[in-house]
Amino acid sequence: MKTVLNLTQQSVIAEIESVLDTYPYHPHQQAFAIPELRQDLIMYVFSRIPCLYSAIEPEQACWLSYKLPRSPLEHQIHLQNLIHQGVYSIMQEKSDWISHHLCETIQSGCEPSHWFG
């Protein structure tokens, strides 16, 4: 019995993480650390690229380390551009929500400690 593996998913998620690492921590990395926004970015990219599937034997199913073969440079640049467009689009579209959510996170972490008395 073989397992169907979505090769695009692992490759895209790895590339998203790589591209997000190039952005400043605040607000970009902080915003896309929020699961809902990370999922929005993943869906943004997936909706704009074709998916590649492969059938593999169960003993080969190492889901986390399986990657696509090295993509041609044009494909990689196109994928990176889609990720940048997605980051820009989501940051614009949800700027109020992001600001509110990040302010709550920052404010709760900046309260003075009562531990010292």
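# Close-ups of a predicted five-helix chain

**Figure 1. The whole chain at a glance.** Of the chain's 117 residues, 30% count as buried (under 20% relative accessible area; over 50% is exposed and in between is partly exposed, using a 1.4 Å probe and protein chains only). This is a predicted model, where local features need pLDDT of at least 70 and side-chain atom pairs count only at pLDDT 80 or more, while totals for chains, interfaces and linings use all residues. Residues are numbered from 1 along each chain as its sequence is written, and side-chain values use heavy atoms, with hydrogens and water left out. The chain has 5 helices and 2 strands, running β-α-α-α-β-α-α along the sequence (DSSP runs numbered from the N terminus: H or I of at least four residues for helices, E of at least two for strands). Take the contacts between residues at least 6 apart in sequence: 86% of them join residues at least 24 apart (contact being heavy atoms within 4.5 Å).

**Figure 2. Helix α3 meets helix α4.** Here the axes of α3 (residues 35-46) and α4 (residues 73-93) come within 9 Å and cross at roughly 135°. The axes are lines fitted to C-alpha atoms, for helices over the stretch in contact, with angles from 0 to 180 degrees between N-to-C directions. That angle makes α3 oblique to α4 (under 35 degrees is roughly parallel, over 145 roughly antiparallel, 65 to 115 roughly perpendicular, and the rest oblique). On the α3 side, look for Leu-37, Asp-40, Leu-41, Tyr-44 and Val-45; they meet a set of α4 residues including Leu-79, Leu-82, Ile-83 and Val-87. The contact residues split into 9 nonpolar, 3 polar and 1 charged (Ala, Val, Leu, Ile, Met, Phe, Trp, Tyr, Cys and Pro are nonpolar; Asp, Glu, Lys and Arg charged; the others, Gly among them, polar).

**Figure 3. Inside the largest nonpolar core.** This core holds 23 residues, of which Ile-16, Phe-32, Leu-41, Val-45, Ile-83 and Val-87 touch the most other members. Two or more residues come from each of α1 (7-20), α2 (25-32), α3, α4 and α5 (95-109). A nonpolar core is a set of buried Ala, Val, Leu, Ile, Met, Phe, Trp, Tyr and Cys residues joined through side-chain atoms within 4.5 Å. Zoom in on Val-45 and you'll find Val-12, Ile-16, Leu-79, Leu-82 and Ile-83 touching it, not counting residues up to four places away in sequence.

**Figure 4. Helix α2 across helix α4, with a cis proline.** The axes of α2 and α4 come within 12 Å and cross at roughly 95°, which makes α2 roughly perpendicular to α4. Pro-27, His-28, Ala-31 and Phe-32 of α2 make the contact with Val-87, Ile-90 and Met-91 of α4. Those residues divide into 6 nonpolar, 1 polar and no charged. Pro-27 sits in α2, and the peptide bond leading into it from His-26 is cis, with omega near 5°.

**Figure 5. Met-91 in helix α4.** Met-91 belongs to α4 and is buried, at 16% relative accessible area. Leaving aside neighbours within four places in sequence, Met-91 is in contact with Pro-27, His-28, Ala-31, Phe-32 and Ile-98. Its C-alpha atom is 9.4 Å from that of Phe-32, 59 residues apart along the chain.

**Figure 6. Val-19 in helix α1.** Val-19 lies in α1 and counts as buried at 5% relative accessibility. Gln-80, Ile-83 and His-84 touch Val-19, not counting residues up to four places away in sequence. The C-alpha atoms of Val-19 and Val-87 are 9.8 Å apart, with their positions 68 residues apart along the chain.
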